[in-house]
Amino acid sequence: MSMQDTLQALADPTRREILNLLKQSRMSAGEISNHFSISGAAVSRHLSVLKEADLIRDEREGKYIYYELNATVLEEILLWISELKGGKGHDQTT
């Protein structure tokens, strides 16, 4: 998955809100849907985009699928942004 795909997934406010919910704890699609006034199919599509971008993971338990945040990808983006702005360990010219 490319950084462009990840950033594109993060560009949508609904997907960012889903990530905020999953920051608290893992949730089923139904639990996530309860926080939005959009259709279950729309939430499912957002979850698919987030999963394709490797921002979330899913795990089946019985008849439910639970989603959780995958912070590794976010850490990679933060590292790239830090390097881009000249974070610690990089030469900074003034």
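**Exercise 1. Find the aromatic pairing in this predicted model and classify its geometry.**

Start with the count: there is one aromatic pair in the structure. The partners are Tyr 64 and Tyr 66, with ring centres 6.4 Å apart and planes at 50 degrees. Now for the label: planes under 30 degrees apart would be stacked and over 60 edge-to-face, with the rest tilted, so this pair is tilted. Next, check Tyr 64 for exposure: its relative accessibility is 43%, so it counts as partly exposed. Finally, look at Tyr 66 again: the charged end of Arg 26 sits over its ring, 4.3 Å from the centre.

**Exercise 2. Work out the strand order of the sheet, and say which strands stand at its edges.**

Lay out the three strands first: they make an open, antiparallel sheet in the order β1-β3-β2. That puts β1 (27-28) and β2 at the edges; each has a single partner strand, so one side of each lacks a neighbour in the sheet. Then take the β2 and β3 pairing: β3 covers residues 64-69, and six bridges join it to β2. One bridge to pick out is Asp 58 with Tyr 67 in β3. Last comes the helix: α2 (residues 13-24) packs on the sheet, touching β1, β2 and β3, and its direction makes about 95 degrees with that of β3.

**Exercise 3. Describe the backbone and surroundings of Asp 54.**

Check phi first: Asp 54 isn't a glycine, yet its phi is positive, about 65 degrees. Then place the residue: Asp 54 is in the loop between α4 (40-52) and β2 (56-61). As for accessibility, Asp 54 comes out at 35%, so it counts as partly exposed.

Terms used: Residues are numbered from 1 along each chain as its sequence is written. This is a predicted model: local features need pLDDT of at least 70, side-chain atom pairs count only at pLDDT 80 or more; totals for chains, interfaces and linings use all residues. Side-chain values use heavy atoms; hydrogens and water are left out. Helices (H or I, at least four residues) and strands (E, at least two) are DSSP runs, numbered from the N terminus. Buried means under 20% relative accessible area, exposed over 50%, partly exposed in between (1.4 Å probe, protein chains only). Two strands pair if DSSP finds at least two bridges between them. Contact means heavy atoms within 4.5 Å. Axes are lines fitted to C-alpha atoms, for helices over the stretch in contact, and angles run from 0 to 180 degrees between N-to-C directions. Rings of Phe, Tyr and Trp (its six-membered ring) pair if their centres lie within 6.5 Å; planes under 30 degrees apart count as stacked, over 60 as edge-to-face and the rest as tilted. A charge sits over a ring if NZ of Lys or CZ of Arg is within 6 Å of the ring centre and within 35 degrees of the ring normal.
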